[in-house]
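User: Please take a close look at the contact between the two chains, and then connect it to what lies behind it. I would like each term explained as it comes up.

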Amino acid sequence: MTRRDKVLNQNKVAKLGDITKLIEDGDKVAIGGAWLSSHPMALVRQIIRSKIKNLYAMTILGSIDIDLMVGAGCLDRLMFSFVSMEAYGLPMNFRRAVEKGGLKYDEISGLAIILGFEAAGRGVPFLPYRGPFGSDFLKQRPEFYKVINCPFTGEEMIAVPAIKPDVALIHAQRADPAGNIQIEGTAGSDLELAKAAGKVIVTVEEIVPTEVLRENPYKTKIPRFYVDMVIEQPFGAHPTSLVPSYVGDPWHMMKYMEMAASPETFKSYLDEYVMKSEDEYLEAVGGLKQMNLLKKLAREVKLL
Amino acid sequence: MSKYSDDYKPAELMCVAVAAEIEDGDILILGSFTPLAFVSYLLAKVTHAPNVMYMAYSSVDARPFRLSFATYEAAATKGGVARWNMTECINSLYLGVGVDVEPISSIQTDQYGNINLSVVGDYQRPMLRGPGGAGAPEVVKMHRKMLGYFPNHSKRTLVPKVDFITGTRWKIGNEERIKAGLRPGPIKLITNLAILIKEEEGRPFKIASVHPGVTVDDVINNTGFELAIPKDVPETEKPTQEQIRILREEVDPYGMVAFDFIPGKERPAYLKQILDREIKALGY
């Protein structure tokens, strides 16, 4: 959709299965969320189910979102600054793919990826900053990092190019049918992804009338002129967190780590959890009882 | 009765040493969940540095919280005065104002203080692919002081030259740093054996202190690069009884601080028992 069409279209509500209308094999796909938080996991699972292939995934701080897509063979190439399962251990599909040399990858420092998205969102071909001087990134990726002199002071700076994904995938708390998006907690750089990408697909916990957004307009972080499609998908970030709505699911994360340990058991993971409907997925990970526990835990905090 | 504790775990000593590097008035960012660093931040805030500002996930000026594996992010978020996304935190704090300290654990560090979070072995076909540096490549040069921590001080972690420079202090030595527009401040490594400090470009890391029960030779024999040894090497200050009480009763009742010291194979079981105890304590 052109910007004008995104503004004209006041009903962008779709179903998970509709993402194939916007994502094609070979696309550059930026994945929202950061750390173990707010990743668009239902969309990631749907990409695998829909057998979309040869994607160039882009993440700033990825975790299970990236590991799943690598393991399922959806990616031809990956841009990242960090892929980690943190306390759970190393992301095994990602490791295997890199160590065996099967996955092309662009390791870019974290601030540079964000800056590249910001450049695209502002409509400029590059942005300068006090980049990773002295690191091996400058040698490893000379096409990405350019040392330039400030035209005013002469000071050395590092310039990075605009990064323009074809599609950005985001999960958030709430949207209206027109695609205004409310984010309440951990947001990563989702707004910059939305600004940089040609197309933006957002899953949300709930789709509500626009009047509901107007009650708390300060929560609306992505206005509708960026957004192409909104899909209602409760627990769409599971097993990552969507604070303050629910915490991540440590029990399922441990299960995932066990099953991602070898390619054979990972294949069973895909069969048992991914290659079925999203409703069946939520049943398989513990259903309503488990989801209610994760919601309750998000409120069970002890401040000192 | 001595104010110092004799009943502490190695992880607790390291945690207290990291916390001691945090000064009141510092600005700190909590991101990737690194248990020992998190506990150090929380300990500093509830003891000697109550005015420290945390940026945690999207939460600005988060209140300190009891560390729980299931709920740490929710707790950090609930206690904040504002919510900023990652871009706002990075542009305003890392690049603008300057974050003060951020203890980083890496795969390797070397005699220059470079850190490697990327690969062991060849870059294209590595023996080990690490997680990557996140923001470290840009920001470790900007911190008030650069802080590395290693629960496994050995010739495999403290190497002559890292396989890949993910992050670097870039300018070492206060004069050079100020000339480059950076804040003065050293590189410090806090390990399970000792505290090492590097203050000048051309001079090696110096042993600042050795932990109780560790000899200078232990440190030399486990370090892959040359060290400067002062005539009198002090002993690292032990945790106080009060610090240990606060750690175990208030900040970290489930013992998350020891996580980095647990061998990789045993970590899932360790996490599982922490989780079980947390859930039981909540009455579920």
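Analyst: The contact takes 56 residues from chain B and 53 residues from chain A; two residues are in contact if their C-beta atoms, placed from the backbone, lie within 7 Å. This is a predicted model, in which local features need pLDDT of at least 70 and side-chain atom pairs count only at pLDDT 80 or more, whereas totals for chains, interfaces and linings use all residues. Residues are numbered from 1 along each chain as its sequence is written, while chains are lettered from A and ligands numbered from 1 in the order in which they are written.

On the side of chain B that touches chain A, two or more residues each come from helix 2 (35-46), helix 3 (72-78), helix 4 (86-97), strand 8 (126-129), helix 5 (136-139) and helix 9 (267-281) of chain B. Helices (H or I, at least four residues) and strands (E, at least two) are DSSP runs, numbered from the N terminus. The residues on this side of chain B comprise 28 nonpolar, 16 polar and 12 charged. Here Ala, Val, Leu, Ile, Met, Phe, Trp, Tyr, Cys and Pro count as nonpolar, Asp, Glu, Lys and Arg as charged, and the others, Gly among them, as polar.

Chain B as a whole holds 9 helices and 14 strands. Its radius of gyration is 19 Å, close to the 19 Å that the globule rule gives for 284 residues, so chain B is as compact as a globular protein of that length. That radius is taken over C-alpha atoms, and the rule is 2.2 Å times the number of residues to the power 0.38. Of the 284 residues of chain B, 52% count as buried; a residue is buried if 20 or more other C-beta atoms lie within 10 Å of its own, exposed if 12 or fewer, and partly exposed in between. Among contacts in chain B between residues at least 6 apart in sequence, 67% join residues at least 24 apart.

The interior comes next. The largest nonpolar core has 180 residues, and those that touch the most other members are A:Met69, A:Val202, B:Cys15, B:Val18 and B:Val39. Such a core is a set of buried Ala, Val, Leu, Ile, Met, Phe, Trp, Tyr and Cys residues joined through C-beta atoms within 7 Å. Helix 1 (residues 10-20) of chain B gives the most to this core, with 9 residues.

B:Cys15 belongs to that helix 1 of chain B and is buried, because 33 other C-beta atoms lie within 10 Å. Leaving aside residues up to four places away in sequence, B:Cys15 touches B:Leu36, B:Val39, B:Ser40, B:Leu43 and B:Val257. B:Cys15 and B:Val257 are 242 residues apart in sequence, yet their C-alpha atoms are 7.4 Å apart in space. With the same exclusion, the residues that B:Val39 touches include B:Cys15, B:Leu67, B:Leu247 and B:Val257.

A:Val202, another of those core residues, leads to the strands of chain A. In strand 13 of chain A, A:Val202 is the bridge partner of A:Ile170. Strand 11 and strand 13 (residues 199-207) of chain A pair in the parallel sense over 8 bridges; strands pair if DSSP finds at least two bridges between them. Strand 2 of chain A also pairs with strand 11 of chain A in the parallel sense, over 3 bridges, with A:Leu169 as the partner of A:Ile31. By contrast, strand 12 (residues 181-182) of chain A pairs with strand 11 of chain A in the antiparallel sense over 2 bridges. All 9 of the 9 residues of strand 11 (residues 167-175) of chain A are buried, so this strand is largely enclosed by the rest of the structure.

Helix 10 (residues 263-274) of chain A shows two sides. Its residues A:Phe266, A:Tyr269 and A:Val274 are buried. Seen down the axis of helix 10 of chain A, the buried residues fall within an arc of 70°, so they line one face; the arc is that of the directions from the helix axis to the C-beta atoms. These buried residues pack against helix 2 (41-49), helix 3 (64-71), helix 4 (92-99) and helix 9 (250-259) of chain A. The face turned away carries the exposed residues A:Glu264, A:Thr265, A:Ser268 and A:Asp271.
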